[in-house]
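Here are some short exercises to work through with the structure open beside you. Each one sets a task and then walks through a solution.

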Amino acid sequence: MASTQKKGALPPESLRLRAVSHPTRVALLQHLASAGPSTATECANFVGASPSACSWHLRALAKAGWVETVPGPNGRERPWKYVAETENSLPRDPTNPIVTAVESSLLRHYRTMEDLFLRNRSSLATDIVDAAEFFHGLLWASPQELKTVHQQIQDILRPYWERDPNNRPSDALRIVASWSAVPWLPMGDNTAESERDND
């Protein structure tokens with residue numbers, strides 16, 4: 001049966017979600033969305049994978065409509081760019097296991113970047129070290145209050161992630177910033193299981 005997908009339309013949501021349920025692909029999208037067009041070799045330095053692995057993952061992302069190639073300056077290796085379509089956003093369906101896998105991959109990517117910074121902090125320049133800010137704390141808030149806080153944080157940060165590359169300060173750094181707020185669930189038997197795993 002012939003496909004009914006319109007020319008130029010994004011692939012089905014299930015295909016697009018499955019394409020980003022791998023942590024390396026999440027890292028690739030994060031890199032391209034923040035750094036602009038990059039070759040697989042350039043991506044490799046930032047996502048912790050080989051150029052060939054990056055090429056394979058990028059092709060999979062392209063099939064799902066997340067990235068596309070653009071003309072390169074030398075005509076050899078072509079850069080990839082993130083497709084910044086309005087529809088290219090992840091649905092927020094907590095009952096969808098694929099959505100959960102994608103969110104977990106994204107969270108692991110952020111935590112990996114934070115851990116990488118902490119482990120290398122002693123060897124970094126002072127201005128790089130001073131750029132880091134951390135907040136970890138426990139809050140008491142209603143669900144509606146948390147939604148308000150989340151919106152306020154987005155409003156504060158929006159000018160920085162939407163900033164025109166030509167208007168960035170000369171000392172601007174690419175910063176990994178994350179905000180999460182989840183209910184503290186009773187650990188129950190999970191604590192004992194964790195302790196057994198560490199024996």
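**Exercise 1. Find the aromatic pairing in the whole structure and describe its geometry.**

Step 1. Searching the whole structure turns up 1 aromatic pair. Rings of Phe, Tyr and Trp (its six-membered ring) pair if their centres lie within 6.5 Å; planes under 30 degrees apart are stacked, over 60 edge-to-face, and the rest tilted.

Step 2. The partners are F117 and F134: their ring centres are 6.4 Å apart and the planes meet at 40°, so the pair is tilted.

Step 3. Now place the partners. F117 belongs to helix α5, while F134 lies in the loop between α6 (126-130) and α7 (143-161), so the pair links distant parts of the chain, 17 residues apart. Helices here are DSSP runs (H or I) of at least four residues and strands (E) of at least two, numbered from the N terminus.

Step 4. Finally, check the cover. F117 is buried at 17% relative accessibility, whereas F134 is partly exposed at 38%. Buried means under 20% relative accessible area, exposed over 50%, and partly exposed in between, with a 1.4 Å probe and protein chains only.

A word on the model: it is predicted, so local features need pLDDT of at least 70 and side-chain atom pairs count only at pLDDT 80 or more, while totals for chains, interfaces and linings use all residues. Residues are numbered from 1 along each chain as its sequence is written, and side-chain values use heavy atoms, leaving out hydrogens and water.

**Exercise 2. Work out the surroundings of E114.**

Step 1. Locate E114 in helix α5, which spans residues 97-120. With a relative accessible area of 18%, E114 is buried.

Step 2. List its neighbours. Leaving aside residues up to four places away in sequence, E114 touches F134 and S178; contact means heavy atoms within 4.5 Å.

Step 3. Look at S178 again. Its side chain and that of E114 are joined by a polar contact of 3.4 Å. Such a contact is a pair of N or O atoms within 3.5 Å; within protein, one must be able to donate a hydrogen and the other to accept it, and residues adjacent in sequence count only if both atoms are side-chain atoms.

Step 4. Add the charged partner. R111 and E114 meet in a salt bridge of 3.6 Å, N to O; the term means a side-chain nitrogen of Lys or Arg within 4 Å of a carboxyl oxygen of Asp or Glu. Because R111 and E114 are 3 residues apart in helix α5, about one helical turn separates them. R111 is partly exposed, at 33%.

**Exercise 3. Which salt bridge joins K81, and what parts of the chain does it link?**

Step 1. The count of salt bridges is 5. K81 pairs with E68, and their closest N and O atoms are 3.5 Å apart.

Step 2. K81 sits in strand β2 (residues 80-82) and E68 in strand β1 (residues 67-69), 13 residues apart.

Step 3. Both ends can be graded: K81 is partly exposed at 30%, and E68 is partly exposed at 37%.

**Exercise 4. Trace the salt-bridge network that includes D155.**

Step 1. Start with R158 and D155, whose side chains form a salt bridge of 3.1 Å, N to O.

Step 2. These two are 3 residues apart in helix α7, so about one helical turn lies between them.

Step 3. Bring in E162: D155, R158 and E162 are linked in a network of salt bridges.
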